Amino acid sequence: MAHQPCAIVGVGQTHHKTRRWDVSLGGLVREAAQRALDDAEMTWKDIDAVVIGKAPDLFEGVMKPELYLSDALGAAGKPVFRVHTAGSVGGTTGIVAAHHVESGRHKRVLAVAYQKQSEGNAQFALGSGRGFSIGAGGAFAPFMRSYMYRTGAPAEIGPMVAVKDRKNALKNPYAHLKIEDISLEKVMASPMMWDPVRFLESCPSSDGACAVVFTDKEGGEAAAKAGRQPAWILGSAVRSEPSQFPGRDPVAPQGAADCAADVYQQAGITNPLEQIDCAELYVPFSWYEPMWLEGHHIAEFGEGWKMVERGDTEIGGRFPVNMSGGVLSSNPIGASGLLRFSEAALQVRGMAGEHQVEGANVAIAQAYGASAQYFSMWVVANSLDPFGK
Amino acid sequence: MNVPVAVVGAAHVKSERRTVEAENRMVLRAVRAAMQAAGVTKDDVGFTCSGSGDYLAGGTFAFVANLEAVGAWPPIAESHVEMDGAWALYEAWTLLQEGEVDVALVYGSGKSSPGDIATVYPLMLDPYFLTPLGLDPVSLAALQARALLESGRATERDFAEVVARNRANAIGNPNAQVSGKFDVDELLRADYVRDPLRRHDLPPISDGACAVVLATADKAAQLAERPAWITGIAHRIDVHQPGFRDLTVSPSTTAAAEAAGIGDGPVEVAELMAPFSFQELILRDAIGLDDSVDINPSGGALAANPIMATGLIRIAEAANQVTHHGKARTLAHVTGGLDLQQNLVTILGSERP
Amino acid sequence: MAGTVESTIKFPYKRSLGPVLGAFMTALTEQRIMGIRSGGRVIVPPLEWDPDTGVELAHDFVDVGPAGTVESWTWVAKPTAQHPLDHPFAFALVKLDGADTALMHAVDAGSIDAMSTGMRVAPRWKAERKGHITDLDAFVPGETPETHEGGGAEEPVTMMDYDATITYRIPTTANQLRSDQASEQGRFLGLKCPICNRTYTGGRGYCPIDAIELGEEHEVDLPQKGVITNYTIITPTPYPGQTATEPFSRVHVWLDGTDVVLGYQTLLDVPNDDVHIGMRVEAVWASEGEKVDKDPRMEGNLIGFLPTGEPDNTDPDLVNRLH
């Protein structure tokens, strides 16, 4: 069966916090899933298949938690899937769930991604339990240094992104970090964590979950008719490359470029800067915003940081990025990718509340993982043919 | 209307109790051999999907190392499940339905030797009520086995007969780790390790890998003289808590088999993933297989149990029966979790659907 | 002859229980076993959701037991450290009176001969109870629970500890062994792919580009000296197992005349403020008898890199040389 259209008709997420000690693992995922079902005006029994995604199980110390969580998500008697592609997993989870519908195989699919990292410790898990863990920040710091050099970007660019995303987070009721007095001075005065990246330029460690309900053309059209605007998937893609080999460029990875090219081609996008209204990109450390703008062909080489400097990526700017506050404001690692994908969907559905980009019709979302080697992206819109092909 | 998908090549790395070789090297060898068998190069492959488990290897990103073994350059469209490679195959099959990709590579791998199974596997359970009891997989299986005996639907002799048959079948399987001719009465004289289970009722602990190449429609017909066509594939899961369900039946297996088309006709061969001997009896009943069906000609999971690849191997073996042993309709079953909680069934045939 | 690296992952996980599991665990401290109504059944242990449908359950708790019936069991003749009892016991599914489902736990029957499906058992409680499934020490044959005076939690229980310890014995691969042997002799061993000519280190026995195995025939000796192309200074954060106390540097070193860049290496004897790109460095190896904290990710006997004192390499593009 040829690729079938797929609509997002329900989105839910938890209030992301350092510690969601008010809930069990089941309670955390159900909070997000129930919100998504409510949004879709469905109940558990309406779902045909469940796709669960999360990052390393070592974070919570539960192996293959989908076995325990399956009936927590109403999946007894149904197909359950568990995706794991490192940091990009949230995105991949959404894409795999969408394929369940696009293949014509299932009609209504629930995707849930989560991380309850307060039960463990992310630095511990990333370092496989040994001392002197460099963490994700330490691993990416040299890449960011290289970007700063090769583009000549001024040192404030990273901090500017950090300020923008935290200000956006103040408009997002679910976001983790609420730093009312965030400012450039405050960011640049914060302790250096992974030189050249400072504490306030880095993502928090969050407990959180995100859930999305996908359905087919019929379901999407029914929702639209009932006044509940769906988000249509215009394209999705994943790319992976090896983590290290002589000659690899981890700063502007080939995988990032190829993934974007694929997804734009599917969606009929030839000029991303003009045709896309806003983006949710996986930015766990400030400098990744200009890096991904360039890495995904939205800006030419060396122009990404200028977009930041000009304010283009603010909510009211030319190309808003991370209107939700992004990963810099909430980072339940396994869920963060699906949060990006969900927020893009909320934008084109006109449901992003205070952080809504006015008139957003087409949005992209991206997640990346491991040594900047796993990429997942999608393009969503509020119609199946926004460019009038 | 489904896009017809077939297995056009497969390869295993022979399972061993304890390999020195790195997991990704085993993956490399399995992938290369499978692609050679299928007659494809990496340029032909439109999607790659794998199954493996971090906790088995003791690392946070074990699957990343496995990716390194498949020549992912230029970058590839690829995904990974923290499940048996059989589910990676399901994901690939689902993608192939969209008609944009015509060749997919699937692999599953795992080394069970570095960790202590009894310590690692309790982590796969309810973290509040079960893991803290250190409920090891053999104990849980033994509870299930006793329940089956108490139901009157099987005897310990039946268990031993499953073992004898599987191990005898494994003699002809070059990838088997455990094989041999065993006398049922002698098996029954062995001590229990976990009453009512004896050592031979348990799966071997294995390191291994398996790779399968899928292709669609005309491409499959082009690549293979006798493709093994997937005529149906489905999976379901049961409630998690062992105390909440009847452990002597497997409703998710029954449902998966029905959805995969078991009702459309008899199967000649069934490769059932029964890591514990008695589970084969539960699965036979759940799927509805009578004595005319040849079960586990490969020796099944009792012959080799490289966790995260054992299930994919069942599919490869069932496909092998079509491609190289002239069978018209075969079945592969795969289980995930510890007590047949999650089950996948696929039916393969010699006729292009 | 291959060796093995033993690595133990130890972590004290802290789990939050939520309202239902919290109520159950609190009841355990009070020597009560609690189920919850789900549809027409009473399920034990209680869940927040109906397992058959996923529907949220009202907090309609029901005390069950104290006694129950064994539905299935197995004998653990040789318990290990992870098991709830340190002498032979049975794991059993126990359907407590008033419950419609069975609870998994231990039965301290004394001997296998005392075990049977259908036997009656009652809980034996621990004297000190904290709100954990093992507050229930085990079930014992008979109808009468073994209880203690008082000891119920003063506050509702909300958290549970789980101390994980898993030991892995990872065999050293043939390539890793050769790399370690070279390392013991103070040498970097590279493996050069005959197809693409890239060189790999650290016993990496394959080329990820061409997907071929690399072995002894592909070995090359790598130079000891190189240049720092990039770096970071890490401020340590606390976590179980953390041993770093002060900010420390990690540098990328491009070995002279090769395509090999070693990432995240230790730089010795250089204050963090003096770390810079272009610094010429050379490898420092542990001498015989010197103990090296064997982090399996680091190159065998390599302690780190030391400045050579040679003039810097001033090429500004060095910073891009990450791989």
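How many residues of domain 1 of chain B are in contact with domain 2 of chain B, and how many of domain 2 take part? In this predicted model, 39 residues of domain 1 of chain B contact 32 residues of domain 2 of chain B.

**Chain B**

Both domains of chain B are assigned as two segments: domain 1 covers 5-116 + 205-225, and domain 2 covers 126-203 + 229-349. Their centres, taken over C-alpha atoms, are 22 Å apart. About 2,700 Å² is buried between domain 1 and domain 2 of chain B, with carbon and sulfur atoms giving 67% of that area. On the domain 1 side, the residues that lose the most area to domain 2 are B:H12, B:D84 and B:W87, which together account for 24% of what that side buries.

No salt bridges are found across this interface of chain B, while 11 residue pairs are in polar contact, both residues being at pLDDT 80 or more. The elements of chain B that each supply at least two residues of the domain 1 side are β1 (5-16), α4 (85-96), β4 (103-111), β7 (207-216) and α9 (217-223). Of these, β1(B) gives the most, with nine residues. By class, the domain 1 side comprises 22 nonpolar, 12 polar and five charged residues.

**Chain C**

Chain C is assigned three domains: domain 1 (3-165), domain 2 (173-222) and domain 3 (223-323). The interface described here is that of domain 2 and domain 3 of chain C, whose centres over C-alpha atoms lie 20 Å apart. In it, 14 residues of domain 2 are in contact with 14 residues of domain 3. The two domains bury about 1,100 Å² between them, 57% of it on carbon and sulfur atoms. C:S183, C:F188 and C:L222 lose the most area on the domain 2 side, together 54% of what that side buries.

Salt bridges across the interface of domain 2 and domain 3 of chain C number zero; four residue pairs, both at pLDDT 80 or more, are in polar contact. At least two residues of the domain 2 side come from each of α2 (174-184), β12 (199-201) and β15 (219-222) of chain C, and α2(C) gives the most, with four residues. The domain 2 side has two nonpolar, seven polar and five charged residues.

**The two interfaces**

| Interface | Centre separation | Buried area |
|---|---|---|
| Domain 1 and domain 2 of chain B | 22 Å | about 2,700 Å² |
| Domain 2 and domain 3 of chain C | 20 Å | about 1,100 Å² |

Key: Residues numbered from 1 in each chain as written. Chains lettered and ligands numbered in written order. Predicted model: local features only at pLDDT ≥ 70, side-chain atom pairs only at ≥ 80, totals over all residues. Heavy atoms only, no water. Domains from an automatic or database assignment. Contact = heavy atoms within 4.5 Å. Buried area = accessible area lost by both parts, 1.4 Å probe. Salt bridge = Lys/Arg side-chain N within 4 Å of Asp/Glu carboxyl O. Polar contact = N/O pair within 3.5 Å; in protein donor to acceptor, adjacent residues only side chain to side chain. Nonpolar A, V, L, I, M, F, W, Y, C, P; charged D, E, K, R; others polar.
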